[in-house]
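Good morning, and thank you for making time for this presentation. Please bring up the sequence and the structure, and I shall go through the main parts in turn.

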Amino acid sequence: MKVSYKSYSLPFKHPFTISKGTKTHQPTLIVALEHFGFVGYGEAPAINYYDITVEKMIEDLERKKIFVEKFAFSDPERYWHYLHHLFPANPFLVCALDMAGWDLYGKIKRQQLHQLWNLDTAKAPLTDFTIGIDSIDNMVAKMQEQPWPIYKIKVGVENDIEMVAALRKHTDAIFRVDANAGWTLEQATQKIPLLKDLGVEFIEQPLAKDDWDGMKALFDASPLPLIADESCVKESDVEKCYQHFHGINIKLTKCSGITPARNMIKRARELSMKVMVGCMNESSVGTGAIAQLAPLLDYVDMDGPLLLSEDIAEGVKFDFGRILYTDSPGLGVIPENF
Ligand code: MG
């Protein structure tokens with residue numbers, strides 16, 4: 001197998017603000033695995049909060065490239081286990097390589113992954129569209145710029161309720177709210193009933209990622225479902241979230257790829273928990289991978305390419321939240337300029 005890679009800095013259409021800060025660009029790494037004349041692509045965006053940069057991914061990959069290439073590839077799950085042991089401290093890099101392995105596998109089999117897994121794409125939920133934190137006027141303008149059936153609204157600031165109430169005046173769409181760990185238990189307890197009255201569907205990551213006592217108290221009292229994001233990183237976290245959250249938001253990058261994400265979905269279902277997969281502002285390469293899993297989910301947040309002003313691949317498109325799949329095998333994406 002031959003591995004190559006390229007890094008990009010993808011510009012956002014509008015500066016993107018959440019409770020942790022503002023970004024104008026999304027750095028991301030694309031890897032390509034070439035085998036038997038097929039090329040599989042995978043992606044991992046860099047996220048400061050998880051302390052992994054594109055440079056760190058490249059440094060680790062360069063150091064062990066020979067081992068990545070010498071693996072006798074037959075199926076992506078075996079490959080993930082190998083990668084996981086090769087890069088135990090770099091789940092983002094493992095994600096990019098695992099995704100490329102799955103893309104390669106689908107291309108060799110000449111089918112999209114959802115076909116190989118016998119999933120019905122008609123069951124895929126609609127994706128939401130994210131509105132980052134901004135002035136109320138700008139948030140309303142961003143919402144009106146993208147008419148959509150479901151919005152995910154970033155909160156975690158002083159005037160949260162005022163923001164959501166102002167947006168509600170302009171639409172009947174479903175609202176989801178993501179506090180990105182920005183509230184205290186007291187704030188969450190006070191705000192969640194008000195958000196319920198504003199027609200919010202669920203709350204994502206209300207408290208700090210390790211505030212398990214706070215979450216237990218909130219779980220027992222919350223009038224809205226609570227979905228773990230920062231508290232649910234890897235496979236073993238699903239169990240920890242049980243009876244602290246009603247569901248989990250899996251991100252392929254943080255859990256280290258499609259292989260562990262499928263295990264997390266299975267475990268969450270066994271525990272009767274809701275399942276969402278979210279993006280980290282990936283290009284259409286990463287969202288192609290999310291689209292393959294979408295029929296297994298209750299909720300999906302895969303609007304990365306809609307928030308960015310440049311894309312690096314032809315991939316899934318959206319029709320008012322509905323995923324429009326392509327005919328290409330693997331992840332269903334065709335990278336450009338790679
Ligand atoms: Mg989140």
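Let me begin with a definition: contact here means heavy atoms within 4.5 Å. Directions also matter, and axes are lines fitted to C-alpha atoms, with angles between N-to-C directions running from 0 to 180 degrees. With those terms in hand, helix α6 lies across β5, β6 and β7, and runs at about 160° to β6. Please keep in mind throughout that this is a predicted model.

I turn to the sheet to which these strands belong. Eight strands make up an open sheet, ordered β4-β5-β6-β7-β8-β9-β10-β11, and their pairing is parallel. At the edges stand β4, residues 129-131, and β11, residues 299-301; each has a single partner strand, so one side of each is left without a neighbour in the sheet. From one strand to the next, the twist averages 25°. Within this sheet, strand β5, residues 150-154, runs parallel to β6, and five bridges join the two. One residue pair deserves a mention here: Lys154 has Asp178 in β6 as its bridge partner.

Asp178 brings us to the metal site. Which residues are the protein donors of the magnesium ion? They are Asp178, Glu204 and Asp229, the first through OD, the second through OE and the third through OD, lying 2.0 to 2.3 Å from the ion. Along the chain, these donors follow the spacing D-x25-E-x24-D. Asp178 lies in strand β6, residues 174-178, and Glu204 lies in strand β7, residues 200-204, so the pair ties together parts that are 26 residues apart in sequence. Are these two residues buried or exposed? Asp178 has a relative accessible area of 0% and is buried. Glu204, also with 0% relative accessibility, counts as buried. The cut-off behind that word is a relative accessible area under 20%.

Next comes helix α7, residues 185-197. At 1.5 Å a residue, its 13 residues should span 18 Å, and the end C-alpha atoms are 19 Å apart, which agrees. The helix has a kink of about 30° at Lys191, shortly before the proline Pro193. Which residues of α7 are buried? Ala188, Lys191, Ile192 and Leu195 are. The buried residues of this helix pack against α6 (160-168), β6, β7, α8 (212-221) and β8 (226-228). Just after α7, Gly199 adopts a positive phi of about 80°.

I now move to the other sheet. Three strands form an open sheet in the order β1-β2-β3, with antiparallel pairing. Its edge strands are β1, residues 2-18, and β3, each of which pairs on one side only. The twist here averages 20° from one strand to the next. Strands β1 and β2 pair in the antiparallel sense over 13 bridges, and a hairpin joins them through two residues. Across this pairing, Ser7 stands opposite Leu29 in β2, and Ser9 stands opposite Pro27 in β2. Helix α3, residues 91-109, packs on the sheet, touching β1, β2 and β3, and its direction makes about 150° with that of β3.

On the other side of β2, which covers residues 21-35, the pairing with β3 is antiparallel over eight bridges. Here Glu34 stands opposite Val39 in β3. β2 and β3 form a hairpin with two residues between them, and Phe36 in the turn has a positive phi of about 50°. Why may β3 be called largely enclosed by the rest of the structure? Six of the eight residues of this strand, residues 38-45, are buried, so β3 is largely enclosed.

My last point concerns a loop residue. Gln112 is placed in the loop between α3 and α4, the latter being residues 113-116. Gln112 has 3% relative accessibility and counts as buried. Leaving aside residues up to four places away in sequence, Gln112 touches Gln292, Tyr325, Thr326, Asp327, Ser328, Pro329, Gly330 and Gly332.

Thank you for your attention.

Technical notes:
Residues are numbered from 1 along each chain as its sequence is written. This is a predicted model: local features need pLDDT of at least 70, side-chain atom pairs count only at pLDDT 80 or more; totals for chains, interfaces and linings use all residues. Side-chain values use heavy atoms; hydrogens and water are left out. Buried means under 20% relative accessible area, exposed over 50%, partly exposed in between (1.4 Å probe, protein chains only). Helices (H or I, at least four residues) and strands (E, at least two) are DSSP runs, numbered from the N terminus. Two strands pair if DSSP finds at least two bridges between them. Donors are N, O and S atoms within 2.8 Å of the metal (3.2 Å for Na, K and Ca); water is not among the atoms, so sites may look incomplete. The expected span of a helix is 1.5 Å times one less than its number of residues. The bend at a residue is the angle between axes fitted to the seven residues ending there and the seven starting there.
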